[in-house]
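Grab a pencil and open the viewer. Below are some short exercises, each with a worked solution to check yourself against.

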Amino acid sequence: MKIVVAVKVVADDQDIFVSGDRSLDYSKAHQVISSYDKNAIEAAAQLAAANDGSVVVISAATTKATDAKLKKDILSRGVDELFMVADDALETADSFATAQVLKGIIDEKASDYDLIITGRQAIDGDTAQVGPQISEHLDIPVISYARKIEIEGDAVKVQRQYDDRYHVVKAQMPCLITCLAELNDPRYMTPGGIFDAYKKEITVW
């Protein structure tokens, strides 16, 4: 089983300052994994461990995202491979363009996927559009706002959060799922995980 996780790299909000002209200063901001995407990585890692699978992370970001610490952070969370497009033109890319780039990575390096998982939304743009747009580009089903994911043969069963209740939705794989923070508690980097990260494949275009 191959699971692809789309990860958004964002500026750490603790490092963003307000300049004298009241504009936001990102110059000292470190690049980090968007918080909901940590839940997506954790969900993929747990599902892969339970179903003899592998986890591939894909990302489309600016050249700031090539920071070695960030890449090791991603790979230390139960991820097997990382494929990233790093181009400063992506700083102003909208969700549709970003989804097209991510779809291109999937076609090139992970076309044999069974499941794609994304976070509910990025913490900077908050559009919640990239995941569904990837599914549209790939012509596969999408289930959003997952609070629980189970694999049943060649299908997934998802508890989809809806106001004060949830729906149980089932779809054949391949499909895409966007997940909530309530789905799990993401793991932290450990010395063992960081050591293992050095052995894993990283491709940056």
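A salt bridge here is a side-chain nitrogen of Lys or Arg within 4 Å of a carboxyl oxygen of Asp or Glu. Keep in mind that this is a predicted model.

**Exercise 1. Find the salt-bridge partner of Glu152, and work out which parts of the chain the pair ties together.**

Step 1. Look at the side chain of Glu152: it meets that of Lys170, with N to O at 2.9 Å. That is within the 4 Å cut-off, so the pair counts.

Step 2. Place both residues. Glu152 lies in strand 9 (residues 142-152) and Lys170 in strand 11, so the pair ties together parts that are 18 residues apart in sequence.

Step 3. Check the surface. Glu152 is partly exposed, at 31% relative accessible area, while Lys170 is exposed, at 54%.

Step 4. Follow the charges outward. Salt bridges that share partners link Glu150, Glu152, Lys157 and Lys170 into one network.

**Exercise 2. Describe how strand 10 and strand 11 pair, and say which residue of the hairpin takes a positive phi.**

Step 1. Get the direction. Strand 10 (residues 155-162) and strand 11 (residues 165-172) run antiparallel, and eight bridges join them.

Step 2. Pick out a pair. Lys157 faces Lys170 of strand 11, and both of these lysines belong to the salt-bridge network from the previous exercise.

Step 3. Inspect the turn. Two residues sit between the strands of this hairpin, and Asp163 has a positive phi near 50°.

Step 4. Look at the residues around it. Asp164 forms a salt bridge with Arg165, with the closest N and O atoms 3.1 Å apart. Asp164 is exposed at 64%, and Arg165 is partly exposed at 44%.

**Exercise 3. Trace the open sheet of nine strands and name its edge strands.**

Step 1. Read across the sheet: the order is 11-10-9-12-8-1-6-7-13, with mixed pairing.

Step 2. Go to the ends. Strand 11 and strand 13 (201-204) are the edges, since each pairs on one side only. From one strand to the next, the twist averages 30°.

Step 3. Find a parallel pair to set beside the antiparallel hairpin. Strand 6 (residues 54-61) and strand 7 (residues 81-86) run parallel and are joined by six bridges; Val56 has Glu81 as its bridge partner in strand 7.

Step 4. Add the helices. Helix 1 lies across strand 1 (2-6), strand 6, strand 8 (115-119), strand 9 and strand 12, at about 150° to strand 8. Helix 3 (residues 95-109) touches strand 1, strand 6, strand 7 and strand 8, and its direction makes about 140° with that of strand 6.

**Exercise 4. Which residue does Glu42 meet in a salt bridge, and is Glu42 buried or exposed?**

Step 1. Identify the partner: Glu42 meets Arg187, at 2.7 Å from N to O. The pair belongs to a structure that holds eight salt bridges.

Step 2. Locate the two ends. Glu42 is in helix 1 (residues 35-50) and Arg187 in the loop between strand 12 (175-179) and helix 5 (191-197), so the bridge ties together parts 145 residues apart in sequence.

Step 3. Judge burial. Buried means under 20% relative accessible area, so Glu42, at 6%, counts as buried. Arg187 is partly exposed at 33%.

**Exercise 5. Which residues have the most contacts inside the largest nonpolar core, and which element supplies its largest share?**

Step 1. Name the hubs. The core has 35 residues, and Val5, Val57, Leu115, Ile117 and Ile177 have the most contacts inside it.

Step 2. Find the main contributor: helix 1 gives six residues, the largest share.

Step 3. Zoom in on one hub. Beyond four places in sequence, Ile177 touches residues including Leu115, Ile117, Ile143, Ile149 and Val156.

Step 4. Don't stop at one core. A second, separate core of 19 residues includes Ile58, Ile106, Ala110 and Ile116.

**Exercise 6. How many disulfides does a search of the whole structure find, and are Cys175 and Cys179 buried or exposed?**

Step 1. The search of the whole structure comes back with zero disulfides.

Step 2. Check accessibility. Cys175 is buried at 0%, and Cys179 is buried at 0% too.

Notes
Residues are numbered from 1 along each chain as its sequence is written. This is a predicted model: local features need pLDDT of at least 70, side-chain atom pairs count only at pLDDT 80 or more; totals for chains, interfaces and linings use all residues. Side-chain values use heavy atoms; hydrogens and water are left out. Two strands pair if DSSP finds at least two bridges between them. Helices (H or I, at least four residues) and strands (E, at least two) are DSSP runs, numbered from the N terminus. Buried means under 20% relative accessible area, exposed over 50%, partly exposed in between (1.4 Å probe, protein chains only). Axes are lines fitted to C-alpha atoms, for helices over the stretch in contact, and angles run from 0 to 180 degrees between N-to-C directions. Contact means heavy atoms within 4.5 Å. A nonpolar core is a set of buried Ala, Val, Leu, Ile, Met, Phe, Trp, Tyr and Cys residues joined through side-chain atoms within 4.5 Å. A disulfide is a pair of cysteine sulfur atoms within 2.5 Å.
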